[in-house]
Amino acid sequence: MTIAATNISPEGRAKRLRAASTALHEQVDQAVMAAEPFASREHYARFLHFQHRLHRRVAPLHADAQLQAVLPDLTERARLIAVECDFADLGLSVPELDERAPALPVPEALGWLYVVEGSNMGAAILAREAGKLGLSDGFGARHLAGHAEGRGLHWRRFTAALDAVELTPDEDLRAQAGAVAAFSYVLELVGQELNAG
């Protein structure tokens, strides 16, 4: 894979990733809201466990030098520490997880990062719901906070960098497969964490 930045399609990779994963994305949204994660703080605690497993899974991607080279502000986009601070705010213990994230090649990793970064756009609605439980970007719902420059601009910066990564047509398909795999994993987590208890 070449890491030179160039646009390989007028349509843009972010739009292709969205098209490839829309059906699963909708399933995830419906499953999360059906679990009523903001019905009570007990429900919200399960939501934090769900978020912790997701962000722990992608934490190695945020620290990957190859990915940082093509997505310049990748490190600051990581939200695992914010999730762990939310546990501390609420007096909850951070789970000790044995599972290790498998290493991902760059194309697949781009698909996973697209999914996780995109979730921060939808987090605006979740943050408002968390507010009804007395939680905020300064207490208990830090990981749902938007970027200081605004969620929209922060997302556009990410998708511009994503679109600019040079991939072969085969690698581009692998990125799409990565996004599908990420949404499938999130759907699995919903069943394991949000519907528990």
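Modeller: Buried means under 20% relative accessible area, exposed over 50% and partly exposed in between, with a 1.4 Å probe and protein chains only. The model is predicted: local features need pLDDT of at least 70, side-chain atom pairs count only at pLDDT 80 or more, and totals for chains, interfaces and linings use all residues. Residues are numbered from 1 along each chain as its sequence is written, and side-chain values use heavy atoms, without hydrogens and water.

Biologist: Which residues of helix 1 are buried?

Modeller: Helix 1 (a DSSP run of H or I, at least four residues, numbered from the N terminus) covers residues 13-34. Its buried residues pack against helix 2 (41-62), helix 5 (106-131), helix 6 (151-164) and helix 7. Those buried residues are Arg13, Ala14, Arg16, Leu17, Ser21, Leu24, Val28 and Val32.

Biologist: Which residues of helix 7 does helix 1 meet?

Modeller: Helix 7 comprises residues 169-194. On the side of helix 1, the contact (heavy atoms within 4.5 Å) involves Arg13, Arg16, Leu17, Ala20, Ser21, Leu24, His25, Gln27, Val28, Ala31 and Val32. In helix 7, these meet Asp172, Ala175, Gln176, Ala179, Val180, Phe183, Ser184, Val186, Leu187, Val190 and Leu194.

Biologist: On which residue is the kink in helix 1 centred?

Modeller: From its first C-alpha to its last, helix 1 reaches 30 Å, close to the 32 Å expected for 22 residues at 1.5 Å a residue (times one less than the number of residues). Helix 1 nevertheless has a kink of about 65 degrees (the angle between axes fitted to the seven residues ending at a residue and the seven starting there). The kink is centred on serine 21.

Biologist: At which residue does helix 2 bend?

Modeller: The end C-alpha atoms of helix 2 are 29 Å apart, which agrees with the 32 Å that its 22 residues should span. A bend of about 30 degrees is present, and proline 60 follows within four residues of the bend site. That site is arginine 56.

Biologist: What is the phi of glutamate 36?

Modeller: Glutamate 36 follows helix 1, in the loop between helix 1 and helix 2. At a relative accessible area of 48%, glutamate 36 is partly exposed. Most residues other than glycine have a negative phi. Glutamate 36, although not a glycine, has a positive phi of about 50 degrees.

Biologist: Which residues are in contact with asparagine 120, leaving aside its neighbours within four places in sequence?

Modeller: Asparagine 120 lies in helix 5. Its relative accessibility is 10%, so asparagine 120 counts as buried. With neighbours within four places in sequence left aside, asparagine 120 is in contact with Arg79, His143, Leu144, Ala145 and Arg151.

Note on methods:
Axes are lines fitted to C-alpha atoms, for helices over the stretch in contact, and angles run from 0 to 180 degrees between N-to-C directions. Helices (H or I, at least four residues) and strands (E, at least two) are DSSP runs, numbered from the N terminus.
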